[in-house]
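Look at the chain as a whole before turning to its parts. The text below goes from overall dimensions to one sheet and then to the nonpolar cores.

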Amino acid sequence: MTDERRSVLHSWCVQADWNAPTVTGGEGAFFTDEHGRRYLDMSSLAECMNLGHQHPAVVRAIRDQAERLCFVTAAWGAEPRARLAERLLERSGFEGGRVFFTLGGADANEHAVKFARQASARPRGWVLTRDRSYHGASYAAMAFSGDARVSHQVDAGAFHVEHVPPPYAYRCPFGSASDAECAERSAGHVGRAIDARGAGEVAAVLMEPDAGTNGIVAPDGYWPRLREETRSRGVLLIADEVMSGFGRCGEWFAWQRFGEGGRPDLMTLAKGLTGAHLPLGAVVLSREVAARLEHERLQTGLTYCGHPLSCAAGLAALQAYEDEGLVERSRALGSRMLAELRAMQDRAPAVGDVRGGHGLFAVVELVKDRATREPVSAWPLTHESLEALVTRGRDEGVSFAVRGNLVLLAPPLVIQERDLLDALALLERLLATLEWS
């Protein structure tokens with residue numbers, strides 16, 4: 001089998017250090033390498049394989065569509081594109097709105113900001129995002145992201161982007177004494193930041209409603225208060241649901257946990273939209289935002305915008321979420337996972353905080369000292385002991401994801417409960433072997 005170590009440029013790593021097995025197949029919550037070794041996927045690879053590996057209905061839909069029509073440009077209609085847009089508007093309650101399809105999350109976020117600026121008639125309007133957020137790795141998306149890994153590569157101010165402190169309750173930047181207080185102060189700060197710029201100069205606020213690989217899960221009171229702060233100032237709110245959508249956080253879209261009071265003006269999608277079977281992203285615009293663009297020329301485009309094969313995969317994915325009750329299943333299993341992790345926290349001194357758990361997504365933050373909350377390493381560096389944990393997990397047939405001081409748990413929504421519990425038990429055993437130097 002061809003070894004890609006010398007031919008492929010791999011993301012988010014030192015090329016000389018990259019050395020991973022070649023994955024040759026998968027089924028459900030498991031994938032298999034070239035040696036026939038089977039791994040339980042506890043991160044959905046990149047938090048995207050919500051439907052598991054090789055979901056038969058999605059694979060069948062791709063095959064069927066390929067036999068009819070592989071490609072047509074956006075200048076022509078395509079049945080799967082139209083049907084998927086209708087289903088997304090229906091499922092999100094954005095009736096009367098519109099959908100713009102992209103290739104993934106980064107270009108979805110870039111286009112959402114384009115649309116917000118055009119709709120608000122602020123072509124260079126400021127965009128407020130959070131420190132320690134991630135919205136993609138293209139240049140504009142890097143500017144949106146408050147990501148220490150790439151901040152030296154881009155001048156956020158030149159893109160008219162301002163970063164505000166995150167609602168990181170465990171280490172609240174406002175010195176809050178409770179989750180509720182951190183939520184209140186963090187959201188209130190966004191309102192003050194808008195006022196400092198002048199509401200007429202701010203086009204949008206772009207935020208993740210729940211999950212993110214930054215490991216910050218906002219307290220429950222944050223998103224509704226953020227919606228109030230933006231709405232009262234006439235500033236559009238964009239929900240980045242690239243990771244948190246399609247059942248990952250126990251709802252079709254994470255903002256729905258807060259009802260109509262949490263409804264954004266636009267939202268961005270990718271990852272679970274096709275269960276990662278094919279690349280596809282989307283921007284969903286509300287009726288009001290879409291109406292502002294109805295008679296204006298849209299000065300943007302992508303060759304593969306609304307690719308028929310990807311849209312067919314998206315339609316099959318949405319049907320699978322519904323037919324198999326996976327959103328509800330994620331909510332139930334996520335609650336069980338959170339309870340197990342909280343019990344683990346009582347027994348494992350290295351576990352400083354556990355958060356998430358609204359669906360099959362949870363963050364375990366590790367510390368050297370629980371009393372002082374001293375981090376294992378400076379963010380975003382990953383301690384070598386955590387890298388060793390990943391290697392030992394693979395040796396035991398389980399694939400864990402870590403970043404910085406965090407273990408990120410986001411298994412496919414189809415995972416069997418017994419497999420989930422076995423993986424959590426393994427995680428606890430591995431945590432007991434950690435040594436901080």
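What percentage of the 437 residues of the chain count as buried? The share is 55%, where buried means under 20% relative accessible area with a 1.4 Å probe and protein chains only. This is a predicted model, in which local features need pLDDT of at least 70 and side-chain atom pairs pLDDT 80 or more, while totals for chains, interfaces and linings use all residues. Residues are numbered from 1 along each chain as its sequence is written, and side-chain values use heavy atoms, without hydrogens and water.

The radius of gyration, taken over C-alpha atoms, is 21 Å, which agrees with the value near 22 Å for a compact globule of 437 residues; that rule is 2.2 Å times the number of residues to the power 0.38. The C-alpha trace spans about 60 × 55 × 40 Å along its principal axes.

The chain holds twelve helices and 16 strands, which are DSSP runs of at least four residues (H or I) and at least two (E), respectively. Four strands form an open sheet in the order S1-S2-S3-S14, with mixed pairing; strands pair if DSSP finds at least two bridges between them. S1 (23–27) and S14 (398–399) are its edge strands, each pairing on one side only. Four bridges join S1 to S2 (residues 30–33) in the antiparallel sense, and Gly25 has Thr32 in S2 as its bridge partner.

The largest nonpolar core (buried Ala, Val, Leu, Ile, Met, Phe, Trp, Tyr and Cys joined through side-chain atoms within 4.5 Å) has 113 residues; Met42, Leu88, Phe101, Leu366 and Leu409 touch the most other members. Helix H9 (residues 308–323) supplies the largest share, nine residues. Apart from this core lies another of ten residues, including Met243 and Phe361.

Conventions:
Buried < 20%, exposed > 50% of the residue type's maximum accessible area, 1.4 Å probe, protein only.
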